[in-house]
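I opened the notebook on this complex and wrote down what I looked up, entry by entry. Confidence comes first, then the chains.

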Amino acid sequence: MSKISHVGRLIAVAVVAFLTMGSASTAVRYNDLGHKMMCVCGCNEILIECNHLGCPDSDRMLGELRASIAGGSGDDAILTAFQDKYGPTVLAAPMLTKFNIVAWIVPPAMLILGIAATVVLVRRWRLRAAAAPSAPPAPYFPAMRERIRRETEL
Amino acid sequence: MPTFGSFALLLALALSGYTLLAGAIALRQLATGVRGRVSPERLAETARRAGVGSFVATTAAAFALVWAAFNNDFSVAYILHHSNRALPGPYKFAALWSGQEGSLLLWAWLLSIYGFVLRLRHRVDVKLTAYASTILAGIQVFFLLLLNFAATPFSLASGPVAQDGFGLNPLLQYPEMVIHPPMLYLGYVGFAVPFAFALGALMMRYPGEKWIHITRRWTMVTWLFLTCGIFLGAHWAYSVLGWGGYWGWDPVENASLMPWLTGTAFLHSVMMQEKRGMMKSWNVWLIFSTFLLAIFGTLLTRSGLVSSVHAFAQSSIGTWFWTFLVIVLSVCLFTFILQRDHLKAENKIESLVSRESSFLFNNLVLLAACFTVLWGTLFPVLSEYIQGNKVTVGAPFYNRVAVPIGLFLLFLTGIGPLLAWRSSSFKSIRKNFVLPSIAGIVTAIVVIACGVHPWEIFTTSDQGSFYSFIAFTLAAVVVTAVGSEFLRGAGVIARHTGQNLFASIVQLTRRNTRRYGGYIVHFGVVVIFIGIAGSAFNQSKEEELGFRQSVNIGPYRLECQSYSQDSNANYDTEYALLDVYRGGRKVTQLAPEKRFYTASQQPSTIVANHSTLAWDLYVIYAGKNPDTGQPIIKVFLNPLVAWIWIGVGIVVLGTGVALVPNMTAALAASRNRATALAASAETVAARGGD
């Protein structure tokens, strides 16, 4: 029993180590969060990529981001704080809240539904084809042979 | 010249209107058998000639605008706002499409060129071409109405004539901007031709699939133009916008991607109709959607519906486009409902594991990708309507939602060619999939060994490593699948003819250019995916560099040799000269610039890029520190970017191969010509001629 719990503890440690492996450093978080927000000057560029001369906003916003990370705030808290200050358009993609969830769910749902519908449709066609009486064997037909040769190219 | 241009536009509208009306009456008479004073054949011929005339008139209008640009005619408001005296010649020509009115004139002009070629080649099928010509004239009338009454390119500037113009947007003063928009527009406009043929074929209940044969080349050439246009745009964004990337999921970029996706789906699914008489309704709707999306894309950039850095100024022409879209959609729906029994499939898919199924899934995934792009582009508008506030749907959304769909498509690109038509047996699947699967597994191991850790997706919010791992693995699968298709066929030819492998591959390709050209295109797409996968490992640094100071990135060291400023009639510039060293050896010198254009009073970045197969060393002059006066240099190390442009070259090559007639077909055609010549020679000889 103790052996099993020992192995279990080892697995738990390994899982935790695996999950926290490469956990984000400050620079990584700065880069990551900078890519999740937009510059608000109207240039429509990702905050950390905004590069136009004399931008009135990006330097200040990046400064605020650095300060927030240094202040120990979590990623979600930082994003929420920016959203509260600059409005929802500051986020480069909608957060998973209320109606915005729809933005994330609809495209994959459509794809899955499409695939499922296609599979059902093809199965139905196949079953219908199997139920239909089979055609009598085709007589020897040189034109058909020629067509097959053409379609298989060789 | 403005008077001449305005008159030419009015004349073009009158001639297009005649083509539409006379064509419609003639076709109606032919369909119902009711004959008027003039026979429908003669009426249709006058309509065709008027269509040719409208091409001449639209060309004259386009010429008038370019003439005005080259002659600095600032009495024309459009020229005043989009050109200036110091603007170099090629950019004066580009002024034609740098503004709202000019680009609409370009649309109309290109459409008239397509219409001209179509009407010249009317003998391919006189009746079907007459339908297509009439439908094209309808589209042309819309654009000429816009140009004559809503967005007039020849309207005069108010007040006294200015001495100089306001200049061209600096972002557009780049060599690619001279070819990127026309390419893109050739793609957008070109889809009007297969659309017109499809709608015409449906209206006249055209028997068989000949309309697909007629439009196949049109569609492929159009698709090629759009592909080149999109990637030239990406290259322009990479070289000019200076943010280190080539695709920002901007609404205007998305607008060009949507018709490309449905057009690609159409190019695949028409093969099902040609080979097995399936998916007829689907194909008709695919080409309808492609054209509608091309118009919708034009609407997006001009109506102010979504905000974009690329969009033209907000204007009232959005209403015109919405009206046109509704009319086109209504005509398509009405015709489809009326004639849908004509589109009954001759066969059904018999197995989930077959070439047909793979085409179907490929179509589904392409449409899902198109829907995702459309959804992401329009969601801010939907959000504002429902929640009362706009949200941004940018790169992080598409990276999470669209990229997996793209990778699924890459997977289908690999397995599709390995499946047989109708049904694939387990044995053949096993036989065909062994090699690609091994290649995929080996590549996966090598990629992990090289330091790409896909499991990082569980520990960080960055999906880049995971996506690139999947992309590299699938790329190996697809390349092996495509390669084995070539080798298998070439092996048989080599055994039969004794030729070497390369000659056998060439002969194999010439025997079925469409199939093997298609495989080359798939190979090109894989190369593009490899290039895009490299973006997961981009690095960047920003530093202030004084004289002899240096910055290190990857294997490179950049040392500042000098920094200075200069000016000419068109712009003032600040630049830095940076020596690039690798392993202690100087490899090149880069000169990133920041320009300030005098006429438009706007700044622009001129990126310096040292591109190799492994990576691009991409350098931007970000500005000057006002305290020290030293330049701030931003350096990016972007892996594998060159592969994207190489991949596009391969796609162009593959499409070119697919456009060439098959060797056997070409031989048969030349044999027929020879027989016909011999017969006519015999006739002449029998008549006693020499």
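**Entry 1. Confidence in chain A.** I start with the term I need: pLDDT is the predictor's confidence in each residue, from 0 to 100. It matters here as the model is predicted. I looked up the elements of chain A on that scale. Helix α1 (residues 2-20) of chain A has the lowest mean pLDDT, 53. Helix α4(A) has the highest, 89. I then noted the stretch of residues 15-23 of chain A, where the pLDDT is below 50. Beyond near neighbours in sequence, that stretch has 8 contacts in the model. For chain A the average pLDDT is 75, and 65% of the residues score at least 70. I add a caution for myself: where pLDDT is low, the predicted coordinates should not be read in detail.

**Entry 2. Confidence in chain B and the complex.** I repeated the look-up for chain B. Its average pLDDT is 86, with 93% of the residues at 70 or above. Which elements of chain B have the lowest and the highest mean pLDDT? Helix α21 (residues 663-686) of chain B is the lowest at 55, and helix α20 (residues 641-659) of chain B is the highest at 95. Over residues 683-690 of chain B the pLDDT stays under 50. I found 1 contact beyond four places in sequence for that stretch. For the complex, the predictor gives an ipTM of 0.78 and a pTM of 0.86.

**Entry 3. Chain A in outline.** I counted 6 helices and 0 strands in chain A. From the N terminus the order reads α-α-α-α-α-α. Chain A has 154 residues, and 20% of them are buried. I also checked contacts between residues at least 6 apart in sequence: in chain A, 37% of these join residues at least 24 apart.

**Entry 4. Helix α4 of chain A.** I tested the length of this helix, residues 75-86. At 1.5 Å a residue, its 12 residues should span 16 Å; the end C-alpha atoms are 16 Å apart, so the two agree. Just after α4(A) comes Gly87(A), with a positive phi of about 95°.

**Entry 5. Helix α13 of chain B.** I ran the length test on residues 355-387 of chain B. At 1.5 Å a residue, the 33 residues should span 48 Å; the end C-alpha atoms are 45 Å apart, which agrees. I did find a kink of about 45° at Leu378(B), shortly before the proline Pro380(B). Just after α13(B), Gly388(B) takes a positive phi of about 85°.

**Entry 6. Leu367(B).** I picked this residue within helix α13 of chain B. Is Leu367(B) buried or exposed? Neither: it counts as partly exposed, because it has 19 C-beta neighbours inside 10 Å, and buried needs 20 or more. Leaving aside residues up to four places away in sequence, Leu367(B) touches Thr262(B) and Ala265(B). I also looked at Leu286(B), which is 81 residues from Leu367(B) in sequence. The C-alpha atoms of this pair are 9.3 Å apart.

**Entry 7. The largest nonpolar core.** I listed 237 residues in it. Ala192(B) and Val619(B) touch the most other members. Helix α9 (residues 210-241) of chain B gives the most to this core, 18 residues. I followed Ala192(B) further. Not counting residues up to four places away in sequence, it touches Leu111(B), Tyr114(B), Leu136(B), Ile139(B) and Phe291(B).

**Entry 8. Hairpins in chain B.** I took the strand pairs in order.

- Strand β2 (residues 550-553) of chain B pairs antiparallel with strand β3 (residues 556-567) of chain B over 4 bridges. Ile553(B) stands opposite Tyr556(B). The hairpin has 2 residues between the strands, and Gly554(B) takes a positive phi near 55°.
- β3(B) also runs antiparallel to strand β4 (residues 571-582) of chain B, joined by 11 bridges. Ser567(B) has Asp572(B) as its bridge partner. I count 3 residues between the strands of this hairpin.
- Strand β8 (residues 608-611) of chain B and strand β9 (residues 615-624) of chain B are antiparallel, with 4 bridges. Asn609(B) stands opposite Tyr618(B). This hairpin has 3 residues between its strands.

Key. Residues are numbered from 1 along each chain as its sequence is written. Chains are lettered from A and ligands numbered from 1 in the order in which they are written. This is a predicted model: local features need pLDDT of at least 70, side-chain atom pairs count only at pLDDT 80 or more; totals for chains, interfaces and linings use all residues. A residue is buried if 20 or more other C-beta atoms lie within 10 Å of its own, exposed if 12 or fewer, and partly exposed in between; C-beta atoms are placed from the backbone. Two residues are in contact if their C-beta atoms, placed from the backbone, lie within 7 Å. A nonpolar core is a set of buried Ala, Val, Leu, Ile, Met, Phe, Trp, Tyr and Cys residues joined through C-beta atoms within 7 Å. The expected span of a helix is 1.5 Å times one less than its number of residues. The bend at a residue is the angle between axes fitted to the seven residues ending there and the seven starting there. Two strands pair if DSSP finds at least two bridges between them.
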